[in-house]
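Student: I would like to take a close look at one part of this model and follow how its pieces fit together. Please walk me through it in one connected answer.

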Amino acid sequence: MDCMSLIYFSVVISQLPWSQSAQQPDLPPVQFHMVTFGTASYLERFHDSLWAKLIYAKKINNYEFSVFTNSDSGDLHFLRKQLKKRVVQIDCDTFREVRWRGDLRYCKMAALQAVFKSSGAQAPSNWVFWHDLDTHIMQPSTPLTRFLAVAEHRPLVFTENGLSLNNGVFFLRTSGWGKDFFDQWLRICKTGEWPWADNGCMLEALLVAAGGQGYDRACASHSQA
């Protein structure tokens with residue numbers, strides 16, 4: 001498997017070693033943690049959408065809902081009280097150095113790392129539902145479990161994208177194969193200059209998971225150029 005194999009990701013994903021990852025009948029009900037990240041300006045721009053997602057998460061489905069930001073609390077005066085309670089401030093430098101103002105390319109990784117470290121996050125029935133801030137809930141009557149059912153409870157589920165595999169919206173189990181994959185993704189993203197930032201190093205992590213010893217890390221070599 002080489003770098004050109006990225007073209008055939010539908011095949012690659014089907015080969016991932018997760019045949020034993022389907023939900024077992026004796027597990028407790030699935031628990032979701034809806035997670036996103038945004039700067040103060042973006043949180044203000046998408047405030048109504050965030051409010052709708054909070055209602056979807058807490059009042060309709062009883063999901064956890066967290067909004068991560070690198071902004072100071074004083075810059076978030078526009079947020080409704082209930083939304084402000086869901087805001088978690090992070091320092092993106094804790095994952096990877098922010099090299100210039102506005103260099104927020106790996107803040108997603110810092111946010112997800114905080115979620116995986118949280119108490120109880122790695123229970124067998126827990127899932128992260130990452131959604132970029134500009135994701136909107138269009139059919140609130142549809143629970144997130146519907147997507148897992150269609151995907152047969154695979155530990156990693158992406159939404160369809162017409163151009164390429166995109167991690168703007170995805171489901172990831174926080175235990176077992178999902179946790180191992182996330183740890184690999186973190187390690188790969190720590191260094192190198194990846195196209196599409198966290199999305200690029202995620203593609204490399206998928207190739208590693210699918211190819212194992214047969215993958216020669218060809219794509220990773222380009223990140224060091």
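Student: At what angle do helix 5 and helix 7 pack, and how far apart are their axes?

Tutor: In this predicted model, helix 5, which covers residues 107-117, packs with helix 7, residues 176-189, at an angle of about 145 degrees, and their axes are 11 Å apart. The crossing of these two helices is left-handed. On the side of helix 5 the contact is made by Met109, Leu112, Gln113 and Phe116, which meet Lys179, Phe182, Trp185, Leu186 and Cys189 of helix 7. By character, the residues of this contact comprise seven nonpolar, one polar and one charged.

Both helices also take part in disulfides, of which a search of the whole structure finds two. In helix 5, Cys107 is joined to Cys92, with an S to S distance of 2.0 Å, and this link is right-handed, with 115 degrees about the S-S bond. Cys92 sits in the loop between strand 3 (87-89) and helix 5, so that the pair, 15 residues apart, links distant parts of the chain. Cys92 is buried at a relative accessible area of 5%, and Cys107 is likewise buried, at 0%.

Cys189, one of the contact residues of helix 7, forms a disulfide with Cys201, their sulfur atoms being 1.9 Å apart; with 85 degrees about the S-S bond, this link is right-handed. Because Cys189 lies in helix 7 and Cys201 in helix 8 (residues 198-211), the pair ties together parts that are twelve residues apart in sequence. Cys189 counts as buried at 0% relative accessibility, and Cys201 is buried with a relative accessible area of 0%.

How values were computed: Residues numbered from 1 in each chain as written. Predicted model: local features only at pLDDT ≥ 70, side-chain atom pairs only at ≥ 80, totals over all residues. Heavy atoms only, no water. Axes fitted to C-alpha atoms, helices over the stretch in contact; angles between N-to-C directions. Helix = DSSP H or I, 4+ residues; strand = E, 2+ residues; numbered from the N terminus. Left-handed = near helix turned anticlockwise from the far one by under 90°. Contact = heavy atoms within 4.5 Å. Nonpolar A, V, L, I, M, F, W, Y, C, P; charged D, E, K, R; others polar. Disulfide = S-S within 2.5 Å. Buried < 20%, exposed > 50% of the residue type's maximum accessible area, 1.4 Å probe, protein only.
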